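Biologist: I would like a close look at one part of this protein, namely its charged side chains and how they pair or stay unpaired. Please take your time and connect the pieces as you go.

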Amino acid sequence: MRNHTLVTTFILLGLTEDPTWQIVTFFFLFITYLLSITGNLIIILLTLLDSHLKTPMYFFLQKFSFLEISLTSTCIPRFLVSIVTKDKTISIEACFTQLFAGLIFGIAQFFLLAVMSYDRYVAICKPLHYTTIMNTRVCTWLFGTCCLIALLAICPGVIVSLGLEFCDAIIEHFICDYSPILKLSCSDTRSMQLVNFIFAIIILLMTLALVMFSYGKIISTILRFPSAQQKKKAFSTCSSHMIVVSISYGSCIFMYIKPSAEERIALNKGVAILTISVAPVLNPFIYTLRNKQVKEALRDVIKKCTSATSKQ
């Protein structure tokens, strides 16, 4: 009988073996990582420092930026180090830690997107009751619930994964992801694939249904507004969130709602780059460029910093 305990480390193949493309990949991911950290940190700082951004919408945006930073930091820095050092090995423990941490942050994001759509629904459809319904306590409770659901959602996967034995060590990916890891297992993973498939459907489609329901109500309410100016203002408050929802759900539905781990991994690498590297860069710009309050808050902070520097 083959001794499966010999496999104590995995080898992440990365994105390419070509040295030139590795350099291109490194600089692309390094720049996008710096931009994503900078952009999301700016949003977090603005929502903390500016009194005009102390509303539920910006509270949730602050938490979303925190999850974006956490998700991209879980995967990208380790891959950048592996490109520089040429060391593609990762311990099984570190691999599963990266996998489950990424899943927690990712799942929490989807539930938070649903909560953010509900926030827009209350703001537009029930404006007179908005401050009462979406008070500080409720907002904190909703974010905490998103994180708790994400933690509970990965528990079955953690428990089952602890009993896996591995016959191979080469992961056809640049991060630790479920599908390529299941391909390495000596155990029969068909039940795990089914469970993974069911959980992906429940999480992604359920939260998407909540988002669609909220925006269905929002659109029907906006269309009944008497003036074009009111309609334009209402749509503008939702447009940024709708773009982020489209990017997030479009990429992850493609990646995870698949019944088999034998699907082509190459395409998933590109979608993974979009999800954990490109999207965290785009989201702060989407919210900033399309939101007057955020732009004004940024200008105010820059003016204060400039005046403080000039006085010194």
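Biologist: How many salt bridges does a search of the whole structure find?

Modeller: Bear in mind that this is a predicted model; a search of the whole structure finds three salt bridges. I will take these pairs in turn, and then move to the charges and nonpolar side chains on the surface.

One of the pairs is Glu17 with Lys88, where the closest N and O atoms are 2.7 Å apart. Glu17 sits in the loop between strand 1 (9-12) and helix 1, and Lys88 in the loop between helix 2 (56-85) and strand 2 (89-91), so this salt bridge ties together parts that are 71 residues apart in sequence. The two partners can also be placed by their accessibility: Glu17 counts as exposed because its relative accessibility is 54%, over the 50% cut-off, while Lys88, at 22%, counts as partly exposed.

The loop between helix 2 and strand 2 holds another lysine, Lys86. Its backbone deserves a look when you inspect the model, since Lys86 has a positive phi of about 65 degrees although it is not a glycine. With a relative accessible area of 59%, Lys86 is exposed.

A further salt bridge joins the side chains of Glu172 and Lys183, at 3.3 Å from N to O. Glu172 lies in the loop between strand 3 (170-171) and helix 6 (178-182), whereas Lys183 lies in the loop between helix 6 and helix 7 (190-222), so the pair ties together parts that are 11 residues apart in sequence. Glu172 is partly exposed, with a relative accessibility of 37%, and Lys183 is likewise partly exposed, with a relative accessible area of 32%.

The remaining pair has a buried setting. The side chains of Arg120 and Asp119 meet in a salt bridge at 3.0 Å, N to O. Arg120 has a relative accessible area of 9% and is therefore buried, the cut-off being under 20%, and Asp119, at 1% relative accessibility, counts as buried too.

For the surroundings of that pair, helix 3 (residues 92-125) is a useful guide, and Gln98 lies in this helix. Gln98 is a buried polar position to look at, with 8% relative accessibility. Between the C-alpha atoms of Gln98 and Tyr121 there are 35 Å in space, for a separation of 23 residues in sequence. The record adds some context here: an unreviewed UniProt entry lists residues 100-118 among its spans for "transmembrane region", together with 26-48, 138-159, 194-213, 234-257 and 269-289. In the model, residues 100-118 are 100% helix and 0% strand, and the end C-alpha atoms of this span lie 27 Å apart. Residues 194-213, also in that UniProt list, are 100% helix and 0% strand as well, with end C-alpha atoms 27 Å apart.

The listed span 234-257 begins at Ala234, which is placed in helix 8 (residues 228-256). Ala234 is buried, with a relative accessible area of 8%. From Ala234 to Leu223 the C-alpha distance is 10.0 Å, and the two residues are 11 apart in sequence.

Turning to charges that gather on the surface, Lys232, Lys292, Lys295, Arg299 and Lys303 form a patch of positive charge. Helix 10 (residues 292-311) gives the most to this patch, with four residues. Lys303 is found in helix 10, and because its relative accessibility is 57%, Lys303 counts as exposed.

The surface also carries a nonpolar patch, which makes a useful contrast in kind. Ile23, Phe27, Phe30, Ile31, Leu34, Leu35 and Phe285 make up this nonpolar surface patch of about 640 Å². Helix 1 (residues 19-49) gives the most to the nonpolar patch, with six residues. Ile31 has its place in helix 1, and at 46% relative accessibility Ile31 counts as partly exposed.

To return to your request, the salt bridges are Glu17 with Lys88, Arg120 with Asp119, and Glu172 with Lys183, while the positive patch on the surface brings together Lys232, Lys292, Lys295, Arg299 and Lys303.

Conventions. Residues are numbered from 1 along each chain as its sequence is written. This is a predicted model: local features need pLDDT of at least 70, side-chain atom pairs count only at pLDDT 80 or more; totals for chains, interfaces and linings use all residues. Side-chain values use heavy atoms; hydrogens and water are left out. Patches are made of residues with over 30% relative accessible area and no salt bridge: like charges are joined within 9 Å, nonpolar side chains (Val, Leu, Ile, Met, Phe, Trp, Tyr) within 5 Å. Accessible areas come from the Shrake-Rupley method with a 1.4 Å probe; for residues, only the protein chains shown count as cover. A salt bridge is a side-chain nitrogen of Lys or Arg within 4 Å of a carboxyl oxygen of Asp or Glu. Lys and Arg count as positive and Asp and Glu as negative; His and the chain ends are not counted. The place of a charge is taken as NZ of Lys, CZ of Arg, CG of Asp or CD of Glu. Helices (H or I, at least four residues) and strands (E, at least two) are DSSP runs, numbered from the N terminus. Buried means under 20% relative accessible area, exposed over 50%, partly exposed in between (1.4 Å probe, protein chains only). UniProt positions are given in the numbering used here, feature names are shortened, and annotations may be inferred rather than shown by experiment.
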